[in-house]
Amino acid sequence: MRVVSGIQPTGNLHLGNYLGAIRNWVSMQDEGECLYFLADLHALSMPYEPAELTANTREMTAALVACGIDTDKSILFNQARVTAHAELQWLLNGTARMGWLNRMTQWKDKAGKNREGQSVALFSYPVLQAADVLLYQATHVPVGEDQKQHLELARDIAQKFNNDFGDVFTLPDPIIPPAAARIMSLRDGNAKMSKSDASDMSRINLVDDPDTIVNKVKKAKTDPEPLPSEAAGLDGRAEAKNLVGIYSALSNESVDSVLARFGGQGFGAFKPALAELMVETLKPISERFNALRRDAAALDAILVKGAERARVLAAPTLARAYSALGLSR
Ligand code: TRP
């Protein structure tokens, strides 16, 4: 089992990232060989500030280590340090089809009505993502629901390449965490918890201190009804469903079993229990994060070491891809 996944280094991690993706990354470390990377090359697809990208890449590295990514077990690096990612993307550009990329919903959403004004990198973003996983013969790729289409594209690219030029790539399977891990905004149960939401009250940041967490949970939007005793009773109650879902994800128990305890009670009883569980989970993470985040040299050393190990694993597949295409180097 070879696990490969990436995350964009776009600043602070929040509870949604942790429960939706990172926690899954951490638990997979014991199940196979894992490569995790900061997708800094993908940042080129949208306007950005170079110095901020450097800082965010380090910050995200600190956050991942704080969350439990063990750099002895897993290979942790930034994409730009392993030039094979960019090289393989170019090779795969010969196989990927315009029509396939035109159907990507992320491209359609991000480009909106202004396709002509977008960078070529935004359009070919999924080809780089395919290179990221195919380069290592990944068998399993943990991603959020929103990245499933990109993974299917990676499989299509691998299949066509293998078909046209001979067997080089493994077809990777996506691993999508359960729906319960879809964490929504604390202000709007129908919007995803997001770092770009204007209101900081909408999300729990991994660096929030206990008082901030307690306050955000206290102010979280709810409805006036008491909690139901079974999961089905949460239908149509987006905010209640989200808070119970967060509790269930944090405590690793089913929504039904959470509701067996809290059913019939109001949010006045449920919210303090939820806040306590959040504080308990996040406290060790934010302590480790704060101890690490300012040590740029240590963070760079982690990424340098990870990149060295990743290069070794990438080399044979890259060489086979060049050779299959009739390219000498
Ligand atoms: N596009 C992914 C996201 O926005 C990040 C990513 C880049 C990725 N390359 C990847 C995820 C390869 C999985 C595998 O979440």
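This report looks at the surroundings of the ligand and then at helix H2. Keep in mind that the structure is a predicted model.

**Around the ligand**

Let's start with the ligand, which has 13 residues surrounding it. Gly6, Tyr125, Gln129, Asp132 and Gln147 are the closest of these. Three side chains place a polar atom at the distances below from a nitrogen atom of the ligand.

| Residue | Distance from a polar side-chain atom to a ligand nitrogen |
|---|---|
| Tyr125 | 2.7 Å |
| Gln129 | 3.0 Å |
| Gln147 | 3.0 Å |

How much of the ligand does the protein bury? On its own the ligand would expose 360 Å², and 88% of that is buried by the protein. Two elements, strand S1 (2–7) and helix H6 (120–134), each give two or more residues to the shell. H6 provides the largest share, with 4 residues. By character, the shell holds 6 nonpolar residues, 6 polar ones and 1 charged one.

**A look at helix H2**

Now turn to H2, a helix of 18 residues covering 50–67. From its first C-alpha to its last, H2 reaches 26 Å, close to the 26 Å expected at 1.5 Å a residue. Many of its residues are worth finding in the structure: among the buried ones are Leu53, Met60, Leu64, Val65 and Cys67. What do the buried residues of H2 pack against? Their partners are the strands S1, S2 (33–38) and S3 (75–78), together with the helices H1 (15–28), H11 (267–292) and H12 (296–324). Just after H2 comes Gly68, which has a positive phi of about 120°.

S1 thus appears in both parts of this tour: it gives residues to the ligand shell, and buried residues of H2 pack against it.

Note on methods. Residues numbered from 1 in each chain as written. Predicted model: local features only at pLDDT ≥ 70, side-chain atom pairs only at ≥ 80, totals over all residues. Heavy atoms only, no water. Near = heavy atom within 4 Å. Polar contact = N/O pair within 3.5 Å; in protein donor to acceptor, adjacent residues only side chain to side chain. Areas by Shrake-Rupley, 256 points an atom, 1.4 Å probe, with all protein chains shown as cover. Nonpolar A, V, L, I, M, F, W, Y, C, P; charged D, E, K, R; others polar. Expected span 1.5 Å × (residues − 1). Buried < 20%, exposed > 50% of the residue type's maximum accessible area, 1.4 Å probe, protein only. Contact = heavy atoms within 4.5 Å.
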